[in-house]
Amino acid sequence: MDRIGTFKSFVARSPADPFPRYGLAMEHKGQGQLDEAWTVFAELLAQFPDYVPTYLMAGATLVALGRRDEAADIYRKGIEVAGRVRDTHARGELETALAELAPA
């Protein structure tokens, strides 16, 4: 079974756990399957809005897809969530990513 298939089986076995779904999204991203990666990231954001790691990688995927305004929105939402759950490290990474999107 390929890695994507493996992650899909993990998702099927643990649908209430965001981590296998995150792994699936990252595998798609790593293989250059950006549309598929975004689809999985969007599902993660909808189903597990407090799973902070999603925001940085989902935003980066949108940037790679040329969807910078949407990426900025995702980063802003991630900053809000990271602040609420007191994940200062992730908040800093998201703030940096958002700042890098600003026009020069």
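**Helix α2 and its surroundings**

R21 lies in helix α2 of this predicted model. With a relative accessibility of 10%, R21 falls under the 20% cut-off and therefore counts as buried. Setting aside neighbours within four places in sequence, R21 is in contact with V11, P15, V40, E43, L44, Q47 and F48.

As for the helix itself, α2 runs over residues 18-30, 13 residues in total. From first C-alpha to last it reaches 18 Å, close to the 18 Å expected at 1.5 Å a residue. At its start, D17 puts a side-chain oxygen within 3.0 Å of the backbone nitrogen of F19. After the other end of α2 comes G32, with a positive phi near 80 degrees.

R21 has company in being buried: the buried residues of α2 also include P18, P20, Y22, G23, L24, A25, E27 and H28. What do these buried residues pack against? Their partners are α1 (3-13), α3 (34-47) and α4 (53-64).

Zooming out, the largest nonpolar core holds 30 residues, and W38, F41 and I74 have the most contacts inside it. Two or more residues apiece come from α1, α2, α3, α4, α5 (68-84) and α6 (88-101). Of these, α5 gives the most, with seven residues. F41, one of the residues with the most contacts inside the core, touches base with Y22, A25, M26, K29, T54, M57, A58 and T61, again leaving aside neighbours within four places in sequence. Among these contacts of F41, Y22 and A25 are also buried residues of α2.

Terms used: Residues numbered from 1 in each chain as written. Predicted model: local features only at pLDDT ≥ 70, side-chain atom pairs only at ≥ 80, totals over all residues. Heavy atoms only, no water. Helix = DSSP H or I, 4+ residues; strand = E, 2+ residues; numbered from the N terminus. Expected span 1.5 Å × (residues − 1). Buried < 20%, exposed > 50% of the residue type's maximum accessible area, 1.4 Å probe, protein only. Contact = heavy atoms within 4.5 Å. Polar contact = N/O pair within 3.5 Å; in protein donor to acceptor, adjacent residues only side chain to side chain. Core = buried A, V, L, I, M, F, W, Y, C linked by side-chain atoms within 4.5 Å.
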